[in-house]
Amino acid sequence: GTLVDSGDYWYAVVCDASASFGGRPVARAAFDASFGQSSTADVAEFFPGARVADVDAFYNAALPRHGHHIRPVPGAGALLETLRHHGVPLACVTNSPTAWATAVLRTAGFLPFFSALACADEVTAPKPAADLVLLAAHKLGVDHNGCVMVGDSRFDMDAARAARVRSLGLGVPGDTTVAALRDVAAALGF
């Protein structure tokens, strides 16, 4: 959600999954309050009784049906270009499965900017736990104490806090908070 506007996409996918797995209808307000949580949490909240592995497979297969809902966030490409110009190593940290995250980043043209991806299917405890942030630092080969987690959800900020890294909240309270992606580079000192 930080680099691509995926809220409408994920709402359509969760509604689709709920119907497929025998869950209850999903109200947009309930979805919005949960946006960014793990698929395990989705199962518990929206379609109890489904297996997380089955839901992850469903999520991975949903891109062709609902991909038209995904759009790059204004300013995302320019921010990634600025950070690359300054030699900042980047990792994408997401509660999405690896196959989905890779496909979306490739489609948006953002995949080449990232040296690493840290995805929910690679860890035992996804965001808001520290695991994905620490995995990203490990994959980048950097000390996590020097990392900054940029995110747009409370799950992102909680993961940063759990990993003891600086947080930059995009419209959500973090150690630093900015209103839009165009403000991120300056908040990082670039």
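**Exercise 1. Two helices in contact**

Task: In this predicted model, which residues of α3 meet which residues of α4? Then find how the two helices are oriented.

Solution.
Step 1. Ser39, Thr40, Asp42 and Val43 are the α3 side of the contact, and they meet Val52, Val55, Asp56 and Tyr59 in α4.
Step 2. Sort these residues by character. The contact divides into four nonpolar, two polar and two charged residues.
Step 3. Take the geometry. Helix α3 covers residues 39-46 and helix α4 covers residues 52-61. They pack at an angle of about 105 degrees, and their axes lie 9 Å apart.
Step 4. Apply the cut-off: angles of 65 to 115 degrees count as roughly perpendicular. Therefore α3 is roughly perpendicular to α4.

**Exercise 2. Ser34**

Task: Is Ser34 buried or exposed? What does Ser34 touch?

Solution.
Step 1. Locate the residue: Ser34 belongs to helix α2.
Step 2. Check its accessibility. The cut-off for buried is under 20% relative accessible area. Ser34 has 3% relative accessibility, so Ser34 counts as buried.
Step 3. List the contacts. Leaving aside residues up to four places away in sequence, Ser34 touches Glu45, Phe46 and Phe155.
Step 4. Place one of these contacts. Phe155 is among the buried residues of helix α9.

**Exercise 3. Helix α9 and the residue after it**

Task: Which residues of α9 are buried, and what do they pack against? Then describe Arg164.

Solution.
Step 1. Helix α9 spans residues 154-163. Its buried residues are Phe155, Asp156, Met157, Ala159, Ala160 and Ala163.
Step 2. Look at the spacing. An α-helix has 3.6 residues a turn, so residues three or four places apart point the same way.
Step 3. Find the partners. The buried residues of α9 pack against α2 (28-34), α8 (131-140), β5 and β6.
Step 4. Move past the helix end. Arg164 comes just after α9 and sits in the loop between α9 and β6.
Step 5. Read its backbone angle. Arg164 has a phi near 60 degrees, which is positive although the residue is not glycine. Most residues other than glycine have a negative phi.
Step 6. Check exposure. Arg164 has a relative accessible area of 71%, so Arg164 is exposed.

**Exercise 4. The sheet of β5, β6 and β7**

Task: What is the strand order in this sheet? Which strands stand at its edges?

Solution.
Step 1. The order is β5-β6-β7, in an open sheet of three strands with parallel pairing.
Step 2. β5 (148-151) and β7 (176-178) are the edge strands. Each has a single partner strand, so one side of each lacks a neighbour in the sheet.
Step 3. Add the twist: it averages 20 degrees from one strand to the next.
Step 4. Zoom in on one pair. β6 (residues 166-170) and β7 pair in the parallel sense over three bridges. Leu170 stands opposite Val178 in β7.

**Exercise 5. Around strand β4**

Task: How many bridges join β3 and β4? Which unit do they form with α7? What follows β4?

Solution.
Step 1. β3 (residues 91-94) and β4 pair in the parallel sense over four bridges. Val93 has Ala118 in β4 as its bridge partner.
Step 2. Add helix α7 (residues 98-108). Together, β3, α7 and β4 make a right-handed β-α-β unit.
Step 3. Inspect both faces of β4 (residues 116-119). Ala116 and Ala118 are buried on one side, Leu117 and Cys119 on the other.
Step 4. Go on to the loop between β4 and α8, where Pro128 is found. The peptide bond from Lys127 to Pro128 is cis, with omega near 20 degrees. Most peptide bonds are trans.

How values were computed. Residues are numbered from 1 along each chain as its sequence is written. This is a predicted model: local features need pLDDT of at least 70, side-chain atom pairs count only at pLDDT 80 or more; totals for chains, interfaces and linings use all residues. Side-chain values use heavy atoms; hydrogens and water are left out. Two strands pair if DSSP finds at least two bridges between them. Axes are lines fitted to C-alpha atoms, for helices over the stretch in contact, and angles run from 0 to 180 degrees between N-to-C directions. Buried means under 20% relative accessible area, exposed over 50%, partly exposed in between (1.4 Å probe, protein chains only). A crossover is right-handed if, with the strands pointing away from the viewer, the path from the first strand over the helix to the second runs clockwise. Angles under 35 degrees count as roughly parallel, over 145 as roughly antiparallel, 65 to 115 as roughly perpendicular and the rest as oblique. Contact means heavy atoms within 4.5 Å. Ala, Val, Leu, Ile, Met, Phe, Trp, Tyr, Cys and Pro count as nonpolar, Asp, Glu, Lys and Arg as charged, and the others, Gly among them, as polar.
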